[in-house]
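Colleague: I would like to go through one helix and its surroundings, step by step.

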Amino acid sequence: MKIEFYKHNLGKDEKRMVLECLDGIFLTTGSYVDSFEREFASYLGEKYCVGLNSCTAALHLALLALGVGPGDEVITTPLTFIATATAILHTGAKPVFIDVEQDTGLMDPKLIDGAVTPKTKAVIPVHLYGQMCDMKRIKAAARKHHLKIIEDAAHCIEGERDGIRPGQLGDAACFSFYATKNMTCGEGGALVTNHRLVAEKVRMLRTHGMTKEAAKRYSGPYKHWDMTDCGWKYNMSNIEASLLLPQIKKIGLNWATRERLYRQYQKALSGIPGVSCPKIAQRSKSALHLLTVWVDHRRRDALLKHFGDQGIGVAVHYRPVHLLKYFRETFHFKKGDFPVSENIGSRTISLPFWPGLTAGQVKHITAQLKAGL
Ligand SMILES: Cc1ncc(COP(=O)(O)O)c(C=O)c1O
């Protein structure tokens, strides 16, 4: 039985909307992006949303708009996708890693104090696997040291913890609509914030620092534009927005489907010795982005091969960033620097987890996990 790691469930609503978009004039940033921004901000209860072409772009521009630049330091964790750290590098600042909690894999707020130096400007908590970090404690530490908070919410559209949702305690939150995310348009991202000036700066930087985007230049008589800042080409297109718009309405429904699958997985996994899952904290609703299991590190790579041989798609989230060649060579990180992240990174496997997966497939995957251990 071949089972993909991920299969999107874009259907007739998305096809209808993208065809409608293709029948219009503007394929680039225009009215579909405007609607997406309004609806996504409203879903999250935030004032502003800026549509971008990736979460990497959102992280980069959030840092710039919040004043991070060369010579600064930004605290984050190494148990994340490289983009969290490379976005910091793109600003000229230095990533400073702190370790994660053993039971959740999330940034350990206790370690922020010890990582702060006079150069520290910001902290990027990563809402890993779909669960929010302890934002109350991160906010308290950030307030104490006057740090900006940029949330890496690539996994966490639907998350909530202690009554707080992504973007509510941070200065900005960054989302991904990459091919395997809970909501997808192939490639895409967004930044949400309650700060008008941050939203305006990011909006301007997403199209080269130009004063008028294409749709605004070409409606009515020609209008000259100026360039006021040196920006990037990070804007979301109408095509991407048209794919995302119908999905905003289905966020709750898709989450409920994944929750059912999550329960099926939990039941099946509870009978397998030596397998654990990241803990979901009390008063926390996970966005349930990834179904990650932690196994004996001596068996992990053999298990990856076993799943591959069985035609079951699996992935690793993540081998810690500080041990990847570029970071080892550039910053002289070594094994043992962040032992909890390293431990999780050596034990982790993400299993197929998408709305169309059946109970029978979950049974098969967990049976193969047991067989391959
Ligand atoms: C935790 C995390 N942060 C950032 C990103 C970057 O997202 P994007 O591919 O949209 O740039 C990803 C993407 O997988 C991610 O998983």
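The questions below concern helix H2 and its packing in this predicted model.

Colleague: How far does H2 reach from its first C-alpha to its last?
Modeller: H2 covers residues 31-44, which is 14 residues. At 1.5 Å a residue, 20 Å is expected. The reach in the model is close to that, at 20 Å.

Colleague: Why are the buried residues of H2 on the same side?
Modeller: The buried residues are Tyr32, Val33, Phe36, Glu37, Phe40, Ala41 and Leu44. An α-helix has 3.6 residues a turn, so residues three or four places apart point the same way. The buried residues of H2 are on the same side because they cover an arc around the axis of only 155 degrees.

Colleague: Which residues are exposed on the other side of H2?
Modeller: The buried side has cover that includes helix H1 (12-22), strand S1 (48-52), strand S8 (189-193) and helix H9 (238-249). On the other side, the exposed residues are Arg38 and Ser42.

Colleague: At what angle do H2 and H9 pack?
Modeller: The crossing of H2 past H9 is left-handed. Their axes lie 8 Å apart, and the packing angle is about 35 degrees.

Colleague: How many nonpolar residues does the contact of H2 with H9 have?
Modeller: From H2, the contact includes Val33, Phe36 and Phe40. From H9, Leu244, Leu245 and Ile248 are among the residues met. By class there are 3 polar residues and 1 charged, and the nonpolar count is 9.

Colleague: Which residue just after H2 takes a positive phi?
Modeller: The helix itself runs over residues 31-44. Just after H2, a positive phi of about 70 degrees is taken by Gly45.

Key: Residues numbered from 1 in each chain as written. Predicted model: local features only at pLDDT ≥ 70, side-chain atom pairs only at ≥ 80, totals over all residues. Helix = DSSP H or I, 4+ residues; strand = E, 2+ residues; numbered from the N terminus. Expected span 1.5 Å × (residues − 1). Buried ≥ 20, exposed ≤ 12 C-beta atoms within 10 Å, placed from the backbone. Arc of directions from axis to C-beta. Contact = placed C-beta atoms within 7 Å. Axes fitted to C-alpha atoms, helices over the stretch in contact; angles between N-to-C directions. Left-handed = near helix turned anticlockwise from the far one by under 90°. Nonpolar A, V, L, I, M, F, W, Y, C, P; charged D, E, K, R; others polar.
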